[in-house]
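The following exercises are to be worked with the sequence and the coordinates at hand. Each task is followed by a solution in steps.

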Amino acid sequence: MRRLLALLSLLPATLAAQQAGHIAFEQFTLPNGLRVIYSEDHSTPIVSVDMWYEVGSRNERPGRSGFAHLFEHMMFEGSAHVKKSEHAQLIERAGGNYNGSTAEDRTNYWETVPSNRLNLALWLEADRMRSLAITEDKFENQRQAVKEERRLRVDNQPYAAAFTDGLTWPFDSTSCFPYAHTVIGSMADLDSAAAPDVQAFFDTYYAPNNATLVVVGDFNQSELRRLVNQYFAGVPSHPAPEAPRCESNIAAAKGPVRREVHDAQANLDLVMRLYRIPEHRHADTPALEILNIILGQGESSRLNVSVVRHDKAALGTGTVMNPYGSRNGPGVFAVYGIVNQGVSSDRLDSLLSTQLDTIRANGIAAAELEKAKNAVRAGFISNRETTLGTAEELHHYKTFHDSIDEINTDLDKMLAVTSDDVKRVAATYLTPANLTLLIVRAGPGGAQ
Amino acid sequence: MTARRSDGLRVGLFVLTVLCVPVLHLSAQDSFPSRPPVAEKLHPVRFPPFQQVALPNGMTLLLVENHEQPTLALSLSFRAGSIYDPAGKEGVADFVADLLTKGTPTRDAEQIASTIEGAGGSIGASAGGDFLTISTDGLSDHADLAFTLLGDVTRRATYPREELELTRTRSLSSLDVELSQAGNVAARAFQKELFGRNPYGRSTSAASYKAITRDDVVGFAQRRLRPSGALLVVAGDITLARARELATRAFGTWTGAAPAATAFPAAPTKRSTDILLVNRPGSVQSNIVIGNTTFLPTDSTYYPARIATQVLGGGSDSRLFTILREQKSWTYGSYAGLRRNRGLGYWQATFEGRTEVTDSALVELLHQIDRVRTETIPDSELNAAKGFLVGSFPLTIETPSQIAQVVSTARLLGLGSNYVQTYRDRLSAVTPTRARSAAQRTIRRDNLTIVVVGDAKSLYDKLKPIAAVRIVDIEGNRIDPAQLNPTGGPVAFDKSQIVARSDSFQALVQGQVFGAQTGAITVTGDSISYTESTTIGPFQQQSTVVLNSDLSPRHTDQTSTVQGQHAEIHLTYSDGRVKGTSQTPRPGSTVKSITVDTTIAVGTIDDNTLPLLVPALPLAVGKTFNLNVFSSGEGTTKVVTVKVAGLETVQVPAGNLPSYRLEIAGMQLPVVMHVTQQTPRRLVRIAPTGAPIVFELVK
C-alpha cells in the first residue's frame, strides 16, 4: 500500500493529462441556507472568492427593467463597515482584482486576491450581504453611473443597441417578460426607480439562502470553514423569492418575424438571425453547442469559409448562444454577419440562410464533428485554467445543471454528440417559424 | 492543509491553536468584525522557472515548462511591427501578419485553419508597433503539429494574391467600423499629435491600404522575418529536450542575419499645451486623451513614474476614478497609465463622458495632473499604489501563457535578464520624493497634447478658455470654427409632392384636445397658395402665403389675435429682397412692430411655408437638409436643419401612418415632424420639443 502511494505521487503530470480539466471540490451549507463550494489549488499563491446571487434581469417586473444591474452597482456603494468606494480600495491595495456582473439569470461578485487576503475578500462579501447601505444619495449617484454606462456601452457603440435589444425580440413581453427585456434596462425605468424599491429588492433577493459562495485557489479548508462561519453564519435567511414566469412554446412558433432598425453609429449593415432554444439543462444543449462551433466559431467554421471567404459577402460572421450566460429559461441562438462594402443585407441574409438550410437538410461531416469536439475539449481546459475560471465553472454547474458533479462528466456528454444529433437540433430550432430576423441599417454620420 | 497541521504540532503554535478555536466559535454567531481583517503572512511567490536556449541560427528558445494541463502555447516574435511600414503604405505589417497563415506551398488557408482547429487549437499572427508575433496554441498531444505548422507558415508563406485582396477588403471595412468608434478615433489622433512623422504616430488609412502591393508584403516579410534575433517562447506541457528537438526540426535549416537597424524621424517638440478637437457631430459623449512622450523602456524613471501614474489614474482606487466617477458621476471610467515602446514611450490620461461635462472634466483632469506633479504623495496613497502593483503580480502569472507573456515582453523590450525577478522590489523601494520628481520629469505640463473627440459645435466655445483649440474632422482635415454652424442653400424640392388638398389637424395640449388647425393648398398655372388657420384656446391665427411656380416666395399675409391683441404681417418677395411690415403679439405688453426691407439669398423660403415645403424635400433616411428660412416674425434669415432620422409608424386620428421622422432644428424650438411615406406626402404630426403642444392629422 505504502509503495503504491509513493508511486502515485510520482505521477502528477500523467494523472493531470488523463483527467484534463478535472475539478475536485467539496461543499457545505450554513444553517441560514448559504451554500459554499470550494476547490483547492496551490499552484499560485492566489485565491478567488466568487459569490452568485440567484437574481438577474429575469426577476424584474415590468416598469422596473434594469433594476438587477442597477443593484449590482449599489453593492459597491458601501455597507455597515465599508465606506463608499472602500471595497475597491481595500481590494486594490491588496493587489487584487474584483468585479460584478449582471446577466438574465444571475448576478455575480468576485475577488481574486493574493492568498493571504482570503479573509478580506470573505469579510467584504459578508458585510455587504448582511448590511448593504442604501441611501437616496448613493442611489442617485449610481443611477447616473448606470445611465453613463448605457450611453458608453450601448448608445454610443455601433450595433450595440440593436444587438442588446435584438436578443429580447424573440420573446413576447406578455407571456415571457423575464427574457423580453434587456439586462441594461430602459432609461425611463431607471429614472422612475426609487430608493425604497432598492431596499425591497435587496430584502427579497440578497439573502444567504438565495446565494452560493465558491472559493478556489490557495487556501486551507479548515481556515476557510472557520472564516465563512464567523462572517456569514449570523446573516438571517429570508423567505424564498417567487420564481419568474416565462411561457415560450418554440414548437408553436408562428414566424418568421422581420425587424429593421437604423443605427447612426454603424457604417455597414448588419444581419442577425435569432432563434429561440430551450433552457440550458435541456438534453439538446450539447448538440446545439457543437452546432454553434461548426457554424460560427473559428477561421474554419462554415460561415467564415463560405460567406466571408468564398462569397466575400461579409466583413465578419459568427454565431452566439446566450451571450450574457446560460439560462434556466428559454435562450437565444444568433447567427450574424456584417456586410462587406457594396453587398446588400438581403444578399448576406440569403447566404447565411443557405448555410443553415444545408445543415438542416444534410447534417455535418464526420471531420467537422471531430474538429468541434477537439475545440470543446480545449475550451473545457482553458475555462478552468485560472482560479476565477474554475469558480465560475462550479457556479455554472450548480446553477444550470442537475448536479455539480456534471462539471466532471459534461465533457463526455459533449463528446458523445453524433452528426444526427446536430442535424436534428438544427432542424428543430433553426426553422423559419422560429426565426426573428433583424436588419440593422447603417445610419447617417459615418464615413461611407 | 497538510503543511499547516504539521506546523501546529510545534509546541507554541499548538497551544495557541487550542486556545483560540473555542473563542472564535463563540464569537461567530453574534459578533461580526467591524474592521477589515488584517493580512495574514504573505505566501511567497516563486517566479515559475523558465529556461533559455540559443539556437544555432540565432533564434532564442525560451521555455516555461508546466504540466498541470495538457496544453501548449507557442509564440514567435520578430522586430517587424508597424513602425517598419514604408511611409504611405501603413498597414503592410498588418497585411503580412494576416497573410502568414493564408497559404504555404503545401497548405492553403482553409487547410491551415482546419488543421490547427481540428487539433483544438488556433494559429494567428498580429503586428503591434514594435513587433510582429505569430502564435499557436492547442492540446499538447498535438505538439508536433503546432511546431510544424508554425515553421511552415513562418518560412514558406506564399502571400497569395487573392488572399491579399480579401485582406485589403476586410481591412477597409474594419477601418470603417474603427472610425465609427470614438475611442479609436481619439487614440489615432492622439498618437499622431504625439509622434508626428515618427512611425509611432502613423495610422492606417483607406489610402494606405489601397497603396499596398504584393511586392510590398513579400519584401517586408523577407527583410524583417529573419531567424537571427527572433524569440520563440514555448509554454506548457512539454520538456526542454522535446521543445528543442521540435524547434530544431521546424527552424534548424532556416538562416539569415538580423535586419539592419532603421533610423526614424524624431517625435516633434511641442512648445505649448493645446487642444485638438476632433468633430464627431451629434456625439452624445466626448473622449479626452491627454499626455506626452516619455522615455526608453530601460529608463529607471519607469518605476517611480509607474507609481505616480498609478496614484493618478491606475484603477478604481486612483484619484481620477474616485473624483470623476465616484464623486462627480461624470464618467463610467477615467484612467492614466504609462506605455512602453521599444523606441520612445508615452503616458496618457483618458476620459469618456457626457458632452455637457466635457470642459469641467478637462479642467479637473488638468488639476489632478498638476497635483501629482507638485504635491508629495501621502504615504497612505503611495502604499496603496505599491500594494496594488506588488500584490497583483502573482495574478498576472497564473497560467503558462501568462508567464510566457510576462517573460517575453521583458525580453523583447530589452529590460534585462533579472527584470521579472526584481520588478516588485524596485517598485517597493520608490519613495514619495522620487515619485514626485518622476512625475515632474514624465508629465510635461506646459507641452501636453490634449485630444478631445466629440460634438465640436457644443464643445468649441467651452474648451477655448482652457487652451488654444484646433478643430479637425475625423479624417484630420482642418475645420474653421465658423463652419460648425451650418450654412443654408437652395434645395431641389420635389414639386410632385405638392397637390391641391385640405388637411385638418387637432391640437393637443398635455394630451387633451385644445384646438384645431386646417391647411389648404391650391395650385394654379403660375402660383401655389397655402392657407393655414389655427385656433387654440384664446389664440387665433390665419395666414396665406403665395409661392411662384418655382416655389420661391411671392407674398405672405398673416393676422393673429391672442388675448385681445391683434397683429399682422405683410411681406412681399421680389428680386432677391423682402419688404413689408411685421407685428408680433406680446401678451401683457404692446405689439412689437418692425419694418422689413432686406436682401435674401437665392433659395430662401418663408417660415410660414415650412408645412408645405418640408414634405416636398427629397426625403431619404439619413439625409440632412440645411434650408435658409426667413423668419417672418423676426425679420431675419436663419439656417434650419431638417434631419431625416428614421421611419416610424405614427398613430393619429387619421390612422396608423408609416412616416418619415424629421428632426428640425434652428427655429425657436427643435421640432419633430412626421410626414407620410405614401406620396403625395402629407404632414402627420408636429411636436415642438419641450413644449406641451402636439398637432395630429385628423383627415
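The exercises below concern a predicted model and proceed from domains to interfaces, sheets and a single residue.

**Exercise 1. Domains of chain A**

Task: State which domains are assigned to chain A, and describe the side of domain 1 of chain A that touches domain 2 of chain A.

Solution.
- Step 1. The assignment divides chain A into domain 1, residues 24–232, and domain 2, residues 250–442.
- Step 2. Taken over C-alpha atoms, the centres of these two domains of chain A are separated by 28 Å.
- Step 3. Contacts link 34 residues of domain 1 of chain A with 29 residues of domain 2 of chain A.
- Step 4. On the domain 1 side, the elements of chain A that give two or more residues include strand 2 (35–40), strand 5 (107–114) and helix 7 (160–166). The largest share, five residues, comes from strand 3 of chain A.
- Step 5. By class, this side of domain 1 of chain A holds 19 nonpolar, eight polar and seven charged residues.

**Exercise 2. The interface between chains A and B**

Task: Determine how many residues of chain A are in contact with chain B, and which element of chain A gives the largest share of that side.

Solution.
- Step 1. The contact involves 77 residues of chain A and 78 residues of chain B.
- Step 2. Among the elements of chain A that give two or more residues are helix 2 (12–18), helix 5 (118–131), helix 11 (221–232) and helix 15.
- Step 3. Helix 6 of chain A supplies the largest share, eight residues.
- Step 4. Sorted by class, the side of chain A that touches chain B has 26 nonpolar, 34 polar and 17 charged residues.

**Exercise 3. A helix pair across the interface**

Task: Classify the packing of helix 15 of chain A and helix 4 of chain B, and identify the residues that make the contact.

Solution.
- Step 1. Two packed helices are described by the angle between their axes and the distance between the axes.
- Step 2. Helix 15 (residues 366–383) of chain A and helix 4 (residues 109–118) of chain B pack at about 55 degrees, and their axes are 8 Å apart.
- Step 3. Because of this angle, helix 15 of chain A is oblique to helix 4 of chain B.
- Step 4. Helix 15 of chain A contributes A:Glu370, A:Lys371, A:Asn374 and A:Ala375, while helix 4 of chain B contributes B:Ser114, B:Glu117 and B:Gly118.
- Step 5. The contact therefore comprises, under the residue classes used, one nonpolar, three polar and three charged residues.

**Exercise 4. A six-stranded sheet in chain B**

Task: Give the strand order of the open sheet of six strands in chain B, and explain why strand 9 and strand 12 each have one side without a neighbour.

Solution.
- Step 1. The order is 9-10-8-11-7-12, and the pairing is mixed.
- Step 2. Strand 9 (331–339) and strand 12 (468–472) of chain B are at the edges; each has a single partner strand, so one side of each lacks a neighbour in the sheet.
- Step 3. Ignoring direction, neighbouring strands of this sheet are turned by 15 degrees against each other on average.
- Step 4. Within the sheet, strand 8 (residues 285–293) and strand 11 (residues 449–454) of chain B are paired in the antiparallel sense over five bridges. B:Asn287 has B:Val453 of strand 11 of chain B as its bridge partner.
- Step 5. Helix 13 (residues 358–374) of chain B packs on the sheet, and its direction makes about 150 degrees with that of strand 10 of chain B.
- Step 6. Helix 18 (residues 456–463) of chain B also packs on the sheet, at about 165 degrees to the direction of strand 7 of chain B.

**Exercise 5. The partners of strand 2 of chain B**

Task: Find in which sense strand 2 of chain B pairs with strand 1 and with strand 6 of chain B, parallel or antiparallel.

Solution.
- Step 1. Strand 1 (residues 51–54) and strand 2 (residues 60–65) of chain B pair in the antiparallel sense over four bridges. One bridge joins B:Gln51 to B:Leu63.
- Step 2. These two strands of chain B form a hairpin with five residues between them, and B:Gly58 in the turn has a positive phi of about 95 degrees.
- Step 3. Strand 2 of chain B runs parallel to strand 6 (residues 231–236) of chain B, to which six bridges join it. B:Val64 has B:Ala235 as its bridge partner there.

**Exercise 6. The setting of A:Asp284**

Task: Is A:Asp284 buried, partly exposed or exposed?

Solution.
- Step 1. A:Asp284 is located in the loop between strand 8 (270–277) and helix 12 (285–296) of chain A.
- Step 2. Within 10 Å there are 17 other C-beta atoms. Burial requires 20 or more and exposure 12 or fewer, so A:Asp284 is partly exposed.
- Step 3. Not counting residues up to four places away in sequence, A:Asp284 touches A:Pro278 and A:Val425.

Key: Residues are numbered from 1 along each chain as its sequence is written. Chains are lettered from A and ligands numbered from 1 in the order in which they are written. This is a predicted model: local features need pLDDT of at least 70, side-chain atom pairs count only at pLDDT 80 or more; totals for chains, interfaces and linings use all residues. Axes are lines fitted to C-alpha atoms, for helices over the stretch in contact, and angles run from 0 to 180 degrees between N-to-C directions. Angles under 35 degrees count as roughly parallel, over 145 as roughly antiparallel, 65 to 115 as roughly perpendicular and the rest as oblique. Two residues are in contact if their C-beta atoms, placed from the backbone, lie within 7 Å. Domain bounds come from an automatic or database domain assignment. Two strands pair if DSSP finds at least two bridges between them.
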